[in-house]
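Q: Please take a close look at the nonpolar interior of this model, and explain carefully how one part of it is put together and what lies around it.

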Amino acid sequence: MTTTSAPPTKTPDDTTQEGLGARALRVLLTQRIALLAVLIVVVVVWFFVLDAGGYLTASYNFDYMSASLINAVPLAMLGLAELLVILSGRGGIDLSVGAIVSLSGMVFGFAYGEWGWPLWLAIVVTALSGALLGAVNGFLVAYVGFPALIATLATFYAYKSLAIVINDQSPISTPPIQQLFSITRSVELPLFGQYVPDVPLGLFTFLLPTVVVVWVLLARTTYGRRLYGIGTNDVAARWAGLPVRGTRFKAYTYAGLISGFVAVVTVAQFASARPDAGVSGNGMALPAITIAVLGGVAITGGIGRVAGVVLATLLIVWLNAGILLAFVGNEGSQYQLLALGAVLVFAALLNGLTTRRYGGTT
Amino acid sequence: MAEQAPRLAMRGISKSFGAVRAIRSAEISIQAGRVHALVGENGAGKSTMIKILSGVEQADTGTIEFDGAPVTIAGTGDAIALGIATVYQEPQLFPELTVSENIFTGREIRKGGRVAWAEQNAKVVELLELLGLPARYATVPVGELSIAAQQQVSIAKSLAGDAKVLILDEPSAILTDAEIEVLFTVVRRLTAAGVAVIYISHRLDELFRIADEVTVMRDGRTIGTFPIGDLDVRRIAELMVGGILSDERPHREIPDGDPVLVLDGLGRAGKFHDVAVEVRAGEIVCLYGLVGSGVSEIAACVYGIDRPTSGRMLLRGRPIAPRSPQQAQRNGIALLPANRKVEGMFSFQSIAFNISAGHLKLLSRLGLLVDRARERSVAQDLIKRLAVRTPHERQPISAMSGGNAQKVVLARQLVERPEVLVLAEPTQGVDVGAKEEIHRIITELAESGTAVLVVTSDLPEALRIADRLLVVRGGTTTVEFGPDATQVDVLAAAAGAVEEDVA
Amino acid sequence: MTVTEERAPVRSRSRILPAPVTGQELVLIGVIAVIWAVLAFRTPAFLTAGSIQPLLVATAPIALIGVGMTIVIITGGIDVSVGGAIMVCSVLTAKQLVAGLSAPVAVLLAVVVGGVLGLVNGLLIAYGRVHAIIITFGTANLFLFLGLQLFGSRTVNGIPATFEIFGRGDEGRTLGIPHAFAITVLITALAWWYLRHTAGGRHFYAIGGDAHAARLAGVRVQRRVLLAYLLTGLLVGLGSCFVIAQGTSTLDQSVGTGKELAVIAAVVIGGTSIMGGRGSVLGTLLGALLVQSVTSGVTQLGWSSQLSDLFVGVFIVVAVGTDLLRARTRRTR
């Protein structure tokens with residue numbers, strides 16, 4: 001086809017006429033981190049105000065906020081798992097993370113609770129089992145060419161049923177498992193611990209290492225670059241000589257690995273290896289994907305940051321914690337659903353609007 | 001024929017894209033029932049004219065008249081309503097729907113609530129016969145047909161809409177000779193029925209078989225319209241080129257030596273055959289071929305994207321058979337892809353990201369952690385060498401002009417000093433200034449010892465930088481030209497009017 | 001341009017369009033037949049009315065909603081909010097039944113409520129220009145919230161047998177065929193005809209094939225997409241009536257949980273491509289039947305009921321895998 005010179009692309013740096021308000025709006029819409037930070041402040045202040053006015057059933061203070069962070073551990077970790085998978089592009093998504101948590105949780109239950117393996121070994125084996133389950137996803141998507149939605153839907157079903165069948169539908173709650181609950185307790189921070197509320201231990205033993213490792217992986221390693229590359233444009237990635245299939249395969253494997261660790265946390269939290277741990281109710285996959293989308297991850301791939309996922313988790317966890325106090329009885333957990341749904345739709349529409357007006361978020 | 005208003009007349013048309021003047025004061029008059037060819041080099045303005053006619057773009061100035069009455073074509077709907085149909089090279093069809101459904105999508109023949117399949121199908125069969133396609137194609141999903149057949153379905157689609165003006169954009173590029181004959185038969189039937197056909201083609205020799213008159217465009221202007229009988233291939237080539245001699249080039253000394261890259265009898269079933277090319281270190285060899293000549297497939301094989309089915313490739317005398325771009329790179333072969341947006345750019349990533357993509361092992365510590373300081377200095381160094389206009393290496397590549405973006409993708413190929421650099425359409429969609437700069441860079445690369453193979457359909461470019469120019473036509477390398485070739489010679493050779501060429 | 005001679009006319013209807021039943025569907029029929037044969041062999045009681053009828057009744061809601069989901073997926077979208085929507089429609093309708101509402105009005109209520117929910121999805125997706133999966137993840141939560149709010153306490157008790165015509169009992173059958181299943185087959189047939197023989201139906205495929213080209217060809221893309229989700233919502237409403245009918249007099253909050261995945265599984269196993277542009281409601285019906293047969297079979301064979309999920313997963317892989325393989329060989333150069 002005959003061509004002429006393509007029209008030069010418009011540079012978005014035309015800030016000469018922008019007033020302060022318009023500039024702030026643009027930053028908020030395009031820099032997801034900024035928006036999330038603002039929203040967190042708004043939410044926390046809002047609940048503090050409600051607390052001061054006596055509208056809450058219990059006190060919404062820093063201690064409470066800190067204690068509620070225990071929920072952030074599995075949520076943020078799975079959110080990071082989804083981050084990796086969605087970043088890989090070509091419709092990347094993982095519906096099976098919850099089922100992997102269930103099945104790996106049973107593995108952990110057997111290893112630590114029934115066969116009496118040392119804790120460190122049980123954890124390693126559990127994590128590896130998660131990685132293996134994730135690798136199945138990776139193989140189907142990267143090498144066979146399954147659409148990710150379908151492949152992980154299928155493995156969701158398969159893993160979910162295996163988890164339940166593997167121990168005849170019963171959980172494993174032997175004494176070693178029950179004692180694990182202690183690792184979910186809150187601890188005082190060293191040095192300045194008396195000035196600051198106690199923090200759940202799981203934050204340090206599981207969440208923080210995961211956040212750091214994933215951050216380093218994405219921001220500093222060659223693998224991370226390749227992942228962003230294939231997510232941005234996997235045709236160009238091929239022409240540039242990047243190993244597209246291998247990179248994509250690893251993304252799903254790493255997501256499975258993280259899910260394996262989440263399984264350990266979940267078992268400890270419930271003091272029992274439950275076969276339906278990750279799939280009860282609506283499962284763990286949906287909130288994880290919500291966190292990722294809220295955190296600025298583009299569903300088409302190539303865009304997304306660890307900081308976004310972490311901030312999105314904080315927002316949701318503290319929002320949920322506040323909602324729990326704002327309503328009596330069961331109502332609270334229901335309003336959490338409303339909040340999650342509304343936030344997701346709002347975030348998605350925002351993504352759409354931003355792409356149209358400003359050319360995308362960062 | 002009595003004097004009557006032309007079916008379509010464009011007068012005083014100008015169109016600019018930003019600072020680029022694509023068309024200036026162009027004029028064209030299309031008569032009903034005639035085949036009107038539109039020729040010109042890449043960048044001459046042909047496709048912009050077509051886009052204006054089909055409503056994809058709007059002219060900045062000028063008027064369009066349809067059957068003598070002024071009309072406005074503000075969008076594709078207007079063009080369709082007027083009866084202007086365009087058939088592009090990429091058929092815009094729905095692969096899972098049948099031919100019949102594709103032709104009638106949006107204007108199904110209905111009876112009551114349902115589609116009148118029998119009636120619709122009868123019409124489809126009519127159209128298929130007109131085009132020489134078997135009637136059973138009507139119920140075949142379009143995705144299962146060959147590209148050539150799909151193109152014919154596209155034509156059928158525009159006919160179903162009672163087109164009064166049919167624009168064919170490079171229709172013969174992907175057709176075999178037999179299929180071209182069928183195409184011509186169809187075109188003749190159409191003109192007999194009063195349809196005006198605008199035929200765009202690079203294949204000048206074909207025009208003599210089908211066109212009634214020719215409009216030549218050059219540098220955004222319509223040079224003139226001539227009855228086909230007044231012309232021959234050479235004359236058309238001269239008009240396209242404007243009789244401008246290629247720039248004087250300093251004669252370059254090519255170091256002697258064995259060729260670095262040899263393609264020996266290389267072939268890939270259905271795409272190209274018996275390709276013979278040699279490139280020495282420090283030499284710039286151009287493969288000049290039009291769309292459909294097989295030239296881009298040759299580049300793909302050299303780089304490991306495709307695999308040849310016959311012949312062999314030698315690198316410094318050693319046979320190689322890269323099975324992936326990674327392997328090609330390991331052999332020291334780099335390639336600048338033809339389609340920057342789809343195959344080259346990581347759109348919203350930074351310049352540094354784009355440059356270091358694929359070279360991360362080199363720019364890393366322990367092969368694992370990206371050495372950002374090194375990446376930054378490599379990027380800055382290349383930005384300076386290639387004169388990329390940017391405040392810093394962190395700027396996203398999507399915010400850059402075509403020329404600058406192309407330089408960035410080119411920079412990527414230079415990170416590891418390749419032995420062989422293949423450049424596919426190196427200045428497509430690039431403004432004149434950046435074009436010059438990229439050509440300078442290519443020449444410098446050759447001078448520093450790289451073996452350069454340029455694959456291009458831009459003739460002035462090929463002539464400006466090539467030490468040797470090989471014309472690729474019909475899937476194989478044909479004539480070779482030295483540095484003294486003129487544009488007209490090469491154009492004529494590529495269009496098939498070479499004396500040595502036995503038709 | 002007219003053809004002057006009388007062409008050998010295009011013979012029968014079936015020559016005009018591609019074959020009504022695809023290879024994949026034939027395979028599905030075969031697989032279902034094999035499963036039924038194996039089950040009949042192992043458990044002679046399987047081929048009795050008492051076994052087959054509940055199977056058909058159980059298939060009905062999934063297959064019915066699957067019709068809407070098929071169309072949605074054909075257009076290139078998806079709807080994961082169906083489970084939540086089932087909850088809302090069920091609880092609302094069940095409560096009205098307890099309050100004494102008659103069957104026809106209750107069905108109407110359910111359908112209207114479902115339609116409203118579907119409309120919400122449709123508007124957001126068609127006009128909001130956001131990926132369907134994200135929007136429907138969001139509305140899934142919203143519907144869940146709504147449903148739980150409507151539930152108030154834990155369960156709805158004392159639901160009368162108003163919907164017994166859709167249920168498993170004798171009142172739910174005529175000539176041995178469960179009404180719910182018959183209605184489902186009827187609606188599937190209507191949808192099949194619509195998708196095959198009307199311009200609007202074919203436009204769904206066009207949109208899934210290439211939404212941009214469809215718009216250029218004059219297809220009202222946004223309207224069609226809206227319609228797809230609206231239709232799914234309406235069918236969710238009707239399907240919820242079936243779900244209530246198949247349950248006990250108590251409806252608890254777990255109603256609808258996981259149903260969206262079951263419906264998507266049925267659609268995918270039935271041969272509809274998740275990428276859009278291709279699919280058939282007949283396949284979905286067969287897919288739902290297959291999944292239900294597996295579930296029933298597992299129970300009949302005395303295996304853990306959870307194994308049925310494992311089989312569903314395997315079937316999805318096999319169905320899509322063979323489809324991928326065929327697509328690879330089918331592609332033109």
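A: A residue is called buried here if 20 or more other C-beta atoms, placed from the backbone, lie within 10 Å of its own, exposed if 12 or fewer do, and partly exposed in between. The model is a predicted one, in which local features need pLDDT of at least 70 and side-chain atom pairs count only at pLDDT 80 or more, while totals for chains, interfaces and linings use all residues. Residues are numbered from 1 along each chain as its sequence is written, with chains lettered from A and ligands numbered from 1 in the order in which they are written.

In chain A, 54% of the 362 residues are buried, and the chain has 15 helices and 2 strands (DSSP runs numbered from the N terminus, H or I of at least four residues for helices, E of at least two for strands). Of the contacts in chain A between residues at least 6 apart in sequence, 76% join residues at least 24 apart, a contact being a pair of C-beta atoms, placed from the backbone, within 7 Å.

The largest nonpolar core (buried Ala, Val, Leu, Ile, Met, Phe, Trp, Tyr and Cys residues joined through C-beta atoms within 7 Å) has 398 residues. The residues with the most contacts inside this core are M77(A), L153(A), Y288(B), V422(B), A265(C) and I316(C). Helix α9 of chain C, residues 221-246, contributes the largest share of the core, with 16 residues.

Y288(B) deserves a closer look. Leaving aside residues up to four places away in sequence, Y288(B) touches T456(B), L459(B), A462(B), L469(B), L470(B), V471(B), V472(B), V490(B) and A494(B). Strand β23 of chain B, residues 468-473, runs antiparallel to strand β24 of chain B, residues 476-481, and 4 bridges join the two, where DSSP must find at least two bridges for strands to pair. L469(B), one of the residues that Y288(B) touches, stands opposite F481(B) in β24(B). The hairpin of β23(B) and β24(B) has 2 residues between the strands, and G474(B) there takes a positive phi near 60°.

Chain B also meets its neighbours. The contact between chain A and chain B takes 30 residues from chain A and 48 residues from chain B; on the side of chain A, α10(A) gives the most, with 6 residues. Chain C places 26 residues in contact with 31 residues of chain B, and α7(C) gives the most to that side of chain C, with 5 residues.

Technical notes. Two residues are in contact if their C-beta atoms, placed from the backbone, lie within 7 Å.
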